[in-house]
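Grab a pencil and keep the viewer open. Here are a few exercises on strands, sheets and crossovers, each worked through.

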Amino acid sequence: MTDVPRLVVAAPASGSGKTTVATGLMAAFAERGLAVSPHKVGPDYIDPGYHALATGRPGRNLDAYMCGPDLVAPLFAHGAAGCELAVVEGVMGLFDGVSGAGELASTAHVAKLLRAPVVLVVDASSQSRSVAALVHGFASFDPEVRLAGVILNKVGSERHEQVLREALEEVGVPVYGALYRTPQVVTPSRHLGLVPVAERSTEALDSVRASAAMVRAGCDLEGLLALARTAPPLSAEGWRPVVGGGAARGAARPTVAVAGGAAFTFSYAEHTELLAAAGADVVTFDPLRDEHLPEGTAGLVIGGGFPEVYAPELSANEQLRKEVAALAGSGAPVLAECAGLLYLARSLDDRPMCGALEADARMSGRLTLGYRDAVAIGDSVLAPAGTRMRGHEFHRTVLEPGAGPAPAWGMRLPAPRVEGFVQQGVHASYLHTHWAALPDIAHRLVERCPR
């Protein structure tokens with residue numbers, strides 16, 4: 001059983017301010033000395049970085065599509081172990097999930113799986129009494145979702161707040177906060193959303209502090225904590241990073257290098273936990289700063305991020321590019337997702353990259369975004385042929401060709417296609433995956449590392 005007090009912070013639609021409110025709540029409660037567990041519904045990598053900054057704990061994702069509904073509560077319990085409060089930030093609108101699949105992977109779906117009360121963040125900037133109709137609709141749409149209260153955002157004045165509160169009294173929904181319009185909390189965005197924490201450092205910390213101050217001033221923290229404590233015990237054993245054969249006793253622990261730094265910020269905490277459980281020594285390196293791979297690197301993981309923003313710096317680090325290409329050519333296991341795929345290519349926006357793949361990448365004006373059902377076309381370091389994997393694409397780049405002689409994946413939607421590259425020990429693809437859904441990925445990678 002898991003008995004951690006918990007809240008889900010949701011909204012009627014994207015852009016309502018739920019990230020600011022959720023991050024502010026996490027930081028405000030952490031400042032009070034509470035151990036706060038931060039979570040994010042969906043595949044997003046960026047918001048959890050701000051959550052981690054607010055709480056001092058890893059931000060963890062709860063994705064009912066990529067990991068399956070049965071893993072949501074165990075992954076939550078794993079992240080929230082030993083904490084006094086968990087705050088879960090939703091995704092998009094409360095009931096928005098996988099297209100054509102009903103509630104699957106929506107904030108409402110995850111809230112039900114966690115048996116958690118929901119607080120709705122409403123952008124009140126262009127409405128008054130109509131807020132009651134909006135909230136009433138969300139509260140009554142699915143009786144199994146416990147919409148327990150509202151936080152009003154972008155309130156214009158004291159009189160505006162009074163009108164909004166009076167309207168919500170009519171429908172019996174408590175108001176746990178009113179946040180006034182302010183330019184103080186500014187989190188810069190660009191082509192794929194918010195700018196990651198790793199790229200902003202001091203500015204990111206300032207925005208988290210500003211969010212906390214705004215929430216402290218405008219929200220009923222005691223009331224929200226009391227609400228979180230009404231969540232019933234959750235029948236879930238915490239997920240554990242256990243893999244296939246585990247770590248071989250007495251065997252040397254190979255070094256698996258994981259790309260990090262400002263250009264490669266997209267990763268799930270569970271991946272490094274699984275690699276360690278499989279018997280690897282996990283070492284992070286920064287391709288923007290480090291001229292060499294970590295000493296003794298036997299395997300390499302290059303996740304997602306923003307290599308297009310740092311293409312000149314990545315290209316200028318010629319020594320590291322050569323070492324990555326040599327490792328990939330040696331047959332050592334190399335897993336690359338999205339940004340990692342671009343880094344392994346010959347070029348990115350005409351700037352030389354590692355050249356491990358016979359392909360060239362460029363920025364595009366078109367956003368490729370969405371969940372994907374994929375099937376492994378052949379055996380690889382990631383999975384055996386025929387393995388089904390659910391993942392997510394999120395990029396504004398194009399790779400030519402999009403697949404090698406031995407593609408990584410076959411997909412049916414949004415249109416039938418093959419995608420990615422499998423060659424020697426390299427598995428490179430645009431598809432973001434969550435290894436908790438297939439823990440054997442870590443075991444296969446570590447098993448193939450030369451000792």
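Two strands pair if DSSP finds at least two bridges between them; helices (H or I, at least four residues) and strands (E, at least two) are DSSP runs numbered from the N terminus. We're working with a predicted model, where local features need pLDDT of at least 70, side-chain atom pairs count only at pLDDT 80 or more, and totals for chains, interfaces and linings use all residues. Residues are numbered from 1 along each chain as its sequence is written, and side-chain values use heavy atoms, with hydrogens and water left out.

**Exercise 1.** Work out the strand order of the six-stranded open sheet.

*Solution.*
- Start with the edges: β11 (281-285) and β20 (421-423) each pair on one side only.
- Now walk across: the order reads β11-β10-β12-β13-β21-β20, with mixed pairing.
- Zoom in on β13 (residues 334-337) and β21 (residues 426-429), which run parallel and share four bridges.
- There, Ala336 sits opposite Ala428 of β21.

**Exercise 2.** Trace how the chain gets from β5 to β6, and say how enclosed β6 is.

*Solution.*
- β5 (residues 118-123) pairs with β6 in the parallel sense, over six bridges.
- Val118 has Leu147 as its bridge partner in β6.
- Between these strands the chain passes through helix α5 (residues 130-141), making a right-handed β-α-β crossover (with the strands pointing away from the viewer, the path from the first strand over the helix to the second runs clockwise).
- Eight of the nine residues of β6 (residues 147-155) are buried (under 20% relative accessible area, 1.4 Å probe, protein chains only), so this strand is largely enclosed by the rest of the structure.

Conventions
Buried < 20%, exposed > 50% of the residue type's maximum accessible area, 1.4 Å probe, protein only.
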